[in-house]
Structures are given as C-alpha cells and as structure tokens.
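Here is a short report on selected local features of one chain. Please keep the sequence and the coordinates open while reading.

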Amino acid sequence: MAQIQTVGHLINGEIITQTERAQDVFNPATGEPTKQVALASKQTVEQAISAAQAAFPAWRNTPPVKRARVMFRFKELLEQNRDKICRLIGEEHGKISHDAAGELQRGIENIEYACGAPELLKGEHSRNVGPNIDSWSEFQPLGVVAGITPFNFPAMVPMWMYPLAIVCGNTFVLKPSERDPSSTLFIAQLLKEAGLPDGVMNVVNGDKEAVDTLLNDQRIKAVSFVGSTPIAEYIYTSANANGKRCQALGGAKNHAIVMPDADMDNAVNQLLGAAFGSSGERCMALSVAVTVGDEAGDALVAKMTKGMKSLSVGDHTNANNDFGPVITKAHQEKVNGFIGSAAEQGATLVVDGRNPTVEGFENGYFVGATLIDHVTPEMVSYQAEIFGPVLQVVRVKTMQEAMQLINDHEYGNGTCIFTRDGEAARYFSDNIEVGMVGINVPLPVPVAYHSFGGWKRSLFGDLHAYGPDGVRFYTKRKTITQRWPSSGVREGVSFAFPS
Ligand code: NAD
C-alpha cells in the first residue's frame, strides 16, 4: 500500500513533516482519508516563532519597494499555479473548480493591494508645527504576528492577512485549518520561490495546542483570527489578556430583505447562488430571506422552488456541479439536524435536501439545497449559524419589522436588500446594524482596497480585515517631532506646557 502523505509545516523555509501527532485529512466527496496533517507541538510552534523573530530585523529594514517586488512575483506564481491550487482546494474542501478559482482571484486581489506598500506606508508630515519644528508620523511594523484561519477559504482568508502583514515589514506565523491544509501550505511555498527570505513566512499546522502556544508566547505581537464566534471570542479575550493586538472575525447569519417591489426573478437568481454556492459554507452566505408582504413571500418561495430543481450537487472535479459536499461527516449531521429541528418546531420544509443521491459518491458528505418557509425567530435553526445549503424564509409585514429582526440578531456580518426603491435602500443601509451591506448585491464582500468586517458578535476588535484597516492593524504609529535650531541660537528655559 502506498504510504499516505503527511502535510507538514513550513519553518524557516523548510518543510517539516516529522510529528508526534497527526490526524486524517478527508476528501469530503468520497468520505475517504487521503492524507494526514501534522499537528504541531508547543516546541514546533516555538521553533516557527523563533525563525520569524530571527528574520524580523533584516526584513523590517528591507525597503518597502523591495518587499512589494516579492509580492509582484508571488502574484505571477499564483496565476501560473491556478489549476493546481484549485485542485488542492477541491480535494480537501470539496468546492467546485469555478468556486475555488473565484476564491483564489479574490485572494490575489489582496496581494495586488499589498504591492502598493511604498504608497501605503508613506506616513504623514507637517512642516513648521512650531518655529523651526517639523513633525511626522510613520508606520512601523509590529514584529512577529500570527494568523489563525478557518477551513472554508483555505487560500483566500490567509491572504487577507499575511501579504499585507509582510509588506508592512512584519514576519508571520500562520496556523491554517487542519481540515484542508494542502493548498495553504503549497501557496506559502510559492512565497519562497518569489524571493521571500526564509523565516519571514512560516506555517504551522495544528489544533488547540498550536493556537494556545501562539496566544501565550510574548514574542507574538498581534493575532488575526477568522473562524466561528465561540473561538473568535476565546482568541480575542486570551490575546488581549496577554497584551496582544487582536482582530477576531466570527460567524454570521446573513439576512436578505426581499421587498414587494423587488425584481423577483433577479432576487431569486441572486439568492440561489448566495444561499447554496459553496454549500452555504461562506461567512457571507445569505441564509435567511425576509419577505415583506405575503405576495413577495409566495412569489419568492414558488420561484426558488422552481429554480432549485435544476441545481446539481456533486464532486469538485465536475465543473457542471453547482456546489459540493460539506466539510465533514459531523458537519453534515449537524446541518441535517438543523433542518429536522425547523420542521419539528413548526416550519414548512418546502425542499428537503437531506441525504441526496450523488451517483458514485455514496459516502460523501452531501446535503442538497434546502428551502424552509414560515421560519420564526424562536426557532433554533433561525438563531444558529447553520453553515450549510439551507435557505430559511421569514415572512413579515413591513420593512421596519424586517430591519428589526436583523438588528436583533446576535450576528451582524453581511446583509442585502432587494428593491427598486432608492429611498428604502438608503434608509436600510443607513440604519441596519450590520458591517457589510448589499443593495441588490447578495454577497457584498468588500474589494481588497476597502476592508472586511462585521458588527456585533461577528467581529471582536476595532479594525476590520485587509485594505486600509489591515495596514493600520499591522503597523504601529510613531510620531516624531524634530527641531534643528540655527547655529548659535539657544532656547531659554520654560516651565509652561509647549504651545
Ligand atoms: P473554527 O472556529 O472551528 O476554526 C477556525 C480556526 O480555529 C482553525 O484554525 C481551528 O484549528 C482553530 N480552532 C478550532 N477550535 C479551537 C479551539 N478550541 N481553540 C483554539 N483554536 C481552535 O471555524 P471553521 O469551522 O474552520 O470555519 C467556519 C467558521 O468560520 C464559520 O463560523 C464562519 O462563519 C466563520 N468564518 C467567518 C469569516 C468572517 O470573515 N467573519 C470568514 C470565514 C469563515
């Protein structure tokens, strides 16, 4: 029998596969273990931190334009390796190649933004803030910073973090998801090929032991986290207690309001992709449609039911499939459980996607597209993040009621309104308690030169991810005030506050 491959760590430019602990990585479409992933011990993580610490002084003093050139080459290598990366994502995450290509492209856009490092780090200068006194602010790197990322975007979410952190002059330790580690590790190796000095970027695979080591080590100056809300809260609290800067992005429950005047065919097309794309395993997936008025509710449910008939769930290698399996057997059972609980609590199961038949992939973790009508806020399936291909419909009478529902929910990541009424749309975007808002745009994921972040329990911390907030997160401001007196001029003694 062929020996099973172990996905290891990248430390100081070297791949390390030796490990005391490892766990299986599965192909979710077949249910078969395909690889093992090394689970880093405390010592291994400390080795990665030491490598990053040693690389920091030289990297900090490397001119930003030279750091940016590494990113230019990195972007080219990513484009050249697009097919391989998409395949690696598909094999372990299960997403179809067109979806993986979209993820990679959005990741690359963050690298394009990072290529602007010399401009992004320019600082601010004021001449003559006093007689012969000039003052300026500059943005210095923090040191060694860490990223901890979820399974659902193994290429893109890490790219929200390390390209910007690195061009800002920091060195990095990434702890990706242990469920689909291969694409992340492969991509990190391309950085070396792009000319990044060893030790600037390190990857440790692992679980809680690795994460806790990063949280407790005093050499780690900042932590970026993306994942579920309970872990985000834990990371934020622990990092803060240890004096670290932290941004921790959590889970979501994204509502779309469907107004009576909406272009219903357009809303349905958008909702099909945004609710079921990537099996609903996106933190910006639309999982609740709030219909305003019975007519909108009836029309939406009828048209969605029709549209869902042609959706195909299956293996990542068939580009005709619309979406793939969910990530694990346990998650499949959890999603099925939420569907069952909604029915038990009195909702109407319009399309039941549990246990679909996927020929040739009978042991895969598939859940078909599911539509549940007459959902109410007390239901467990409404309150929780399902993270599966499930769209729930909540029917209300007014737009105010719809907005109240969204504002009352514990999550505030993304939302969208489908309408033709500009005044309603403006009122909605002004007053909704959510960080990322779409107006007839179902997945309003900000482009790389804005920043990404939710409100309420979808984000712990002050600064959003990537874009301008990312630059601020990965740098500390230093303000220098300088006087060069003319020769022979002496300042007198003064005890008054300088003004
Ligand atoms: P997760 O919280 O289970 O895992 C995220 C990371 O935390 C992984 O690297 C994992 O190894 C680590 N981790 C897990 N349990 C831990 C523990 N007890 N102690 C320390 N570390 C631990 O999330 P996931 O299942 O990989 O990803 C799905 C979740 O991520 C969803 O809730 C989704 O909404 C969220 N997400 C949010 C965003 C966003 O931008 N807000 C983006 C993508 C995903």
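Which residues does D217 touch, not counting residues up to four places away in sequence? They are E46, I49 and K244. The model is predicted, and the sections below take its helix pairs and single residues in turn.

## D217 and its loop

D217 sits in the loop that runs between α9 (208-216) and β11 (220-226). Its relative accessible area is 12%. The cut-off for buried is under 20%, so D217 is buried.

The side chain of D217 also reaches back to the main chain. The partner is the backbone nitrogen of R219, at 2.8 Å. Further along the sequence, D217 is in contact with K244. The other two contacts, E46 and I49, lead to the next helix pair. Both E46 and I49 also belong to the α1 side of the contact with α9.

## Helices α1 and α9

Helix α1 spans residues 42-60, and its axis comes within 9 Å of the axis of α9. The two cross at roughly 45°. Angles under 35 degrees would count as roughly parallel, and 65 to 115 as roughly perpendicular. The α1 and α9 pair fits neither class, so α1 is oblique to α9. The crossing of α1 and α9 is right-handed.

On the α1 side, the contact uses K42, V45, E46 and I49. On the α9 side, it uses E209, A210, T213 and L214. By class, the contact of α1 with α9 has 4 nonpolar, 1 polar and 3 charged residues.

## Helices α11 and α12

How far apart are the axes of α11 and α12, and at what angle do the helices pack? The axes are 10 Å apart, and the angle is about 60°. Helix α11 covers residues 264-276, and helix α12 covers residues 294-308. That angle makes α11 oblique to α12. The crossing of α11 and α12 is right-handed.

Helix α11 brings M264, D265, V268, L271, L272 and F276 to the contact. Helix α12 answers with A296, A299, L300, K303, M304, G307 and M308. Sorted by class, the contact of α11 with α12 has 10 nonpolar, 1 polar and 2 charged residues.

## L391 in strand β17

L391 lies in strand β17, residues 390-396. Is L391 buried or exposed? Its relative accessibility is 0%, so L391 counts as buried.

L391 has contacts in several parts of the sequence, leaving aside neighbours within four places. Among them are L271, A275, F276 and M304. L271 and F276 are also part of the α11 side of the contact with α12, and M304 is on the α12 side. The contacts of L391 also include L286, S287, V288 and A289. T370, L371 and I372 complete the list.

One long-range distance gives a sense of scale. L391 and A117 are 274 residues apart along the chain, and their C-alpha atoms are separated by 41 Å.

## Helices α15 and α16

Helix α15 holds residues 399-408, and helix α16 holds residues 422-431. Their axes come within 11 Å and cross at roughly 25°. Angles under 35 degrees count as roughly parallel, so α15 is roughly parallel to α16. The crossing of α15 and α16 is right-handed.

M399, Q400, M403, I406 and N407 of α15 make the contact with A424, Y427, F428 and N431 of α16. The residues of this contact divide into 6 nonpolar, 3 polar and no charged.

## G90 in helix α3

G90 is placed in helix α3, residues 82-93. With a relative accessibility of 0%, G90 counts as buried. Residues up to four places away in sequence aside, G90 touches K95 and H316.

The C-alpha atoms of G90 and I220 are 32 Å apart in space. In sequence, G90 and I220 are 130 residues apart.

## Two asparagines with positive phi

N132 is not a glycine, yet its phi is positive, at about 60°. N132 is in the loop between β6 (124-130) and β7 (133-141). At 47% relative accessibility, N132 counts as partly exposed.

N440 also has a positive phi of about 60° without being a glycine. The loop that holds N440 lies between β20 (436-439) and β21 (455-456). N440 has a relative accessible area of 31%, so N440 is partly exposed.

Conventions
Residues are numbered from 1 along each chain as its sequence is written. This is a predicted model: local features need pLDDT of at least 70, side-chain atom pairs count only at pLDDT 80 or more; totals for chains, interfaces and linings use all residues. Side-chain values use heavy atoms; hydrogens and water are left out. Helices (H or I, at least four residues) and strands (E, at least two) are DSSP runs, numbered from the N terminus. Buried means under 20% relative accessible area, exposed over 50%, partly exposed in between (1.4 Å probe, protein chains only). A polar contact is a pair of N or O atoms within 3.5 Å; within protein, one must be able to donate a hydrogen and the other to accept it, and residues adjacent in sequence count only if both atoms are side-chain atoms. Contact means heavy atoms within 4.5 Å. Axes are lines fitted to C-alpha atoms, for helices over the stretch in contact, and angles run from 0 to 180 degrees between N-to-C directions. Angles under 35 degrees count as roughly parallel, over 145 as roughly antiparallel, 65 to 115 as roughly perpendicular and the rest as oblique. A crossing is left-handed if the near helix is turned anticlockwise from the far one by less than a right angle, and right-handed if clockwise. Ala, Val, Leu, Ile, Met, Phe, Trp, Tyr, Cys and Pro count as nonpolar, Asp, Glu, Lys and Arg as charged, and the others, Gly among them, as polar.
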